[in-house]
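Hello,

Here is the structure I said I would pass on. Please open it first, then read the notes below it.

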Amino acid sequence: MKKAFKYIVTGIVFFAIGFGAYRAFTVSNDNFSRTALMLGTIVEIQAKPGNNNIQEAVDSAFSEIKRLDKLFSAYDSTSPVYRINDKCIGSIDISEYPEIYHLIEKSMMLGMISSGAFDAGIGNITDLWGFNNQKEKSLPDSLNITAAMQNSGIANIVLSKDNLVKNKPIKLNFDAIAKGYAVDKAWEVLTSFGINNFLINAGGEIRANGRDWKIGIKHPRNQGMLCSVNPAGMALATSGDYENYFFAGGRRYCHIINPETGYPADQCQSVTVISRDVMTADALATAVFVLGSVDGLALVNQMDNTECLIVDKNGKLIKSDDFENYIRR
């Protein structure tokens, strides 16, 4: 008899729920499931029944995600990241925020290994493009892009455990790494409660415990799926040009910015990365999307415990050396 797989499709699915509110329901295979609007997307936690403290555990996991959402927000005026961004240059005390230190340090490392394709210091550029607000999107003036580029780059930060020194008025934007970190921390919360068979999905950033989860990777140009995978204890993240974008002059402009040009990356349609943790997978999916299929594939193939599936700008599917090992049919 074949094992019954629980089935998740990566990508954002919007439910009619209030901001910050969530609803609990039981799906057809009797899993406990709850969703919430957090991290700028829909977060869902599913868990196999059998644990008496499942509701308490899921409540605690969502509380942790909510805490981190506020901590790393570049848009909430009460968040420490907002205050860091608000100060133009100089030294800023971050001794109370070891997790901000951790994400900056991790971002610097990932920026280095990706030759700058991942950069958490491009907040001035992302603000200019306006993908995080509800106004009608349009092309920014090229002079404004040039000016934003001159005040961008995480290399303009000097970091210590107690202080962050900005040499230029750069702004941090953790959108491509904080979501993954939050999923990892929620995973830690659930496991600390003894929950041993669950899945967390934050708009395509996914981590599961247990081996009977089957995850469908969305096709970037139609309603179908590229394939289904079972990460088997690993984490998964997808970056694509199909959910937050606009057209101008017949060209698609997506929310994933190339730090080298200041313009949206356009060498891929989607990138899915499997890695040990969602934080790394999240950032690498962005980096590979920016690098394109050739350099992105080369980066992944030289990394341990990391695989990827790339859909390039022409719709061609490209797999890393051992990605096939995770595919389930």
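Strands S6 and S7 (residues 163–166) run antiparallel and are joined by three bridges. One pairing to look up is Val158, whose bridge partner in S7 is Val165. Keep in mind that this is a predicted model.

The two strands belong to an open sheet of three strands, in the order S5-S7-S6, with antiparallel pairing. Strand S5 (90–93) and strand S6 (157–159) are the edge strands, and each pairs on one side only. On average, neighbouring strands of the sheet are turned by 20° against each other, with direction ignored. Helix H3 (residues 98–113) lies across S6 and S7 and runs at about 120° to S6.

Next, the aromatic rings. A pair of aromatic rings is described by the distance of the centres and the angle of the planes. The count here comes to nine aromatic pairs. In one of them, Trp129 and Phe246, the ring centres are 6.3 Å apart and the planes are at 35°, so the pair is tilted. Trp129 lies in helix H4 (residues 123–129) and Phe246 in strand S13 (residues 245–248), so this pair ties together parts that are 117 residues apart in sequence. Trp129 is buried, with a relative accessible area of 1%, and Phe246 is buried too, at 7%. Ring pairs link Trp129 and Phe246 with Phe131, Tyr253 and Tyr263 into a cluster.

Two arginines also sit over rings. Arg207 lies over the face of Trp187, 3.7 Å from the ring centre. The charged end of Arg252 is over the ring of Tyr245, at 4.3 Å from its centre.

Regards

Terms used:
Residues are numbered from 1 along each chain as its sequence is written. This is a predicted model: local features need pLDDT of at least 70, side-chain atom pairs count only at pLDDT 80 or more; totals for chains, interfaces and linings use all residues. Side-chain values use heavy atoms; hydrogens and water are left out. Rings of Phe, Tyr and Trp (its six-membered ring) pair if their centres lie within 6.5 Å; planes under 30 degrees apart count as stacked, over 60 as edge-to-face and the rest as tilted. Helices (H or I, at least four residues) and strands (E, at least two) are DSSP runs, numbered from the N terminus. Buried means under 20% relative accessible area, exposed over 50%, partly exposed in between (1.4 Å probe, protein chains only). A charge sits over a ring if NZ of Lys or CZ of Arg is within 6 Å of the ring centre and within 35 degrees of the ring normal. Two strands pair if DSSP finds at least two bridges between them. Axes are lines fitted to C-alpha atoms, for helices over the stretch in contact, and angles run from 0 to 180 degrees between N-to-C directions. Contact means heavy atoms within 4.5 Å.
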